[in-house]
Amino acid sequence: NPRYVVALIKRGSGQQSIGQFSFSIAKNTLFCIPKRVINSSQHWSPDTSGYSVTFNIDFFLQKSFPGKLIAGKKIFKSSIRPYLNITDLQMEKLEIIFEFILKECKEGYFNTQSELVAIKTLELLIVADHFFMEAQSESKTIIYNDMLENFVELLDKNFIHHRSVKFYADSMHIHPNHLNYLTQKHSGLS
């Protein structure tokens with residue numbers, strides 16, 4: 001099953017690529033990797049430390065959580081910039097959640113009390129999503145665009161049979177030049 005990742009770097013440095021985005025890792029970097037998105041990391045410094053949670057939708061569905069609670073989070077949309085440098089206060093808030101998840105898993109409660117882990121992981125997603133949207137609001141920089149996300153979803157469903165810009169623009173009821181403008185503006189790629 002496709003997996004999602006939420007990672008928080010407390011200290012250290014490195015380079016990360018997620019989809020079309022490449023960025024430097026530094027202290028207080030939060031990043032999210034959506035399902036089925038190519039990613040790689042390199043040049044990690046030896047002092048790098050932090051947290052990472054990897055999960056799939058089935059983990060939540062087994063606990064009767066609706067899948068849309070996870071898949072619907074903007075942090076997992078492939079058109080969104082997948083990283084954020086957060087404040088020390090935001091770092092502390094996320095660290096408490098990661099530590100709880102880690103403690104539950106280390107103490108062997110994962111099988112018997114995995115509902116708690118699922119709830120805390122969902123809390124992590126909600127808080128991270130909030131931080132990303134707050135950053136967008138404060139910086140006046142759009143890091144998520146509904147129309148571009150619609151394009152990415154169409155592309156994911158149709159790329160094998162349809163490769164023309166016109167097909168996707170027509171499906172979205174916009175001009176091909178406008179679709180090109182949107183992808184260039186938000187992803188840096190034509």
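# Close-up views of the predicted model

**View 1. S2 meets S5.** Four bridges join S2 to S5, and these two strands run antiparallel. One spot to click on is Gln 16, which sits opposite Ser 41 in S5. Two strands are said to pair if DSSP finds at least two bridges between them. Strands here are DSSP runs of E with at least two residues, helices are runs of H or I with at least four, and both are numbered from the N terminus.

A note for every panel: this is a predicted model, so local features need pLDDT of at least 70 and side-chain atom pairs count only at pLDDT 80 or more, while totals for chains, interfaces and linings use all residues. Residues are numbered from 1 along each chain as its sequence is written, and side-chain values use heavy atoms, with hydrogens and water left out.

**View 2. The hairpin of S2 and S3.** On its S3 side, strand S2 (residues 14-18) is held by five bridges, again antiparallel. Look for Gln 15 across from Ser 24 in S3. Two residues lie between the strands of this hairpin, and Gly 19 in the turn has a positive phi of about 60°.

**View 3. The whole sheet, S3-S2-S5.** Three strands make an open sheet in that order, with antiparallel pairing. Strand S3 (21-25) and strand S5 (39-42) are the edges, each pairing on one side only. Ignoring direction, neighbouring strands of the sheet are turned by 15° against each other on average; the axes are lines fitted to C-alpha atoms (for helices, over the stretch in contact), and angles run from 0 to 180 degrees between N-to-C directions. As a reminder, strands of a sheet pair through backbone hydrogen bonds, either parallel or antiparallel.

**View 4. Two faces of S2.** Side chains alternate along this strand: Gly 14, Gln 16 and Ile 18 point to one face and are buried, whereas Gln 15 and Ser 17 point to the other and are not. Buried means under 20% relative accessible area, exposed means over 50%, and partly exposed is in between (1.4 Å probe, protein chains only).

**View 5. Helix H6 and its end.** Tyr 168, Ala 169 and Met 172 are the buried residues to pick out in H6 (residues 165-172). Seen down the helix axis, the buried residues of H6 fall within an arc of 100°, so they line one face; the arc is that of the directions from the helix axis to the C-beta atoms. Just past H6, His 173 adopts a positive phi of about 60°.

**View 6. Leu 116 and its partners.** This residue belongs to helix H4 (residues 114-139). Leu 116 counts as partly exposed because its relative accessibility is 36%. Neighbours within four places in sequence aside, Leu 116 is in contact with Phe 100 and Glu 104, where contact means heavy atoms within 4.5 Å. Phe 100 and Leu 116 are 16 residues apart in sequence, and their C-alpha atoms are 9.3 Å apart in space.

**View 7. Cysteines, then the full protein.** Cys 32 counts as buried because its relative accessibility is 0%, while Cys 105, at 37%, counts as partly exposed. A search of the whole structure turns up zero disulfides, a disulfide being a pair of cysteine sulfur atoms within 2.5 Å. Zooming out, the protein has seven helices and seven strands, and 41% of its 190 residues count as buried.
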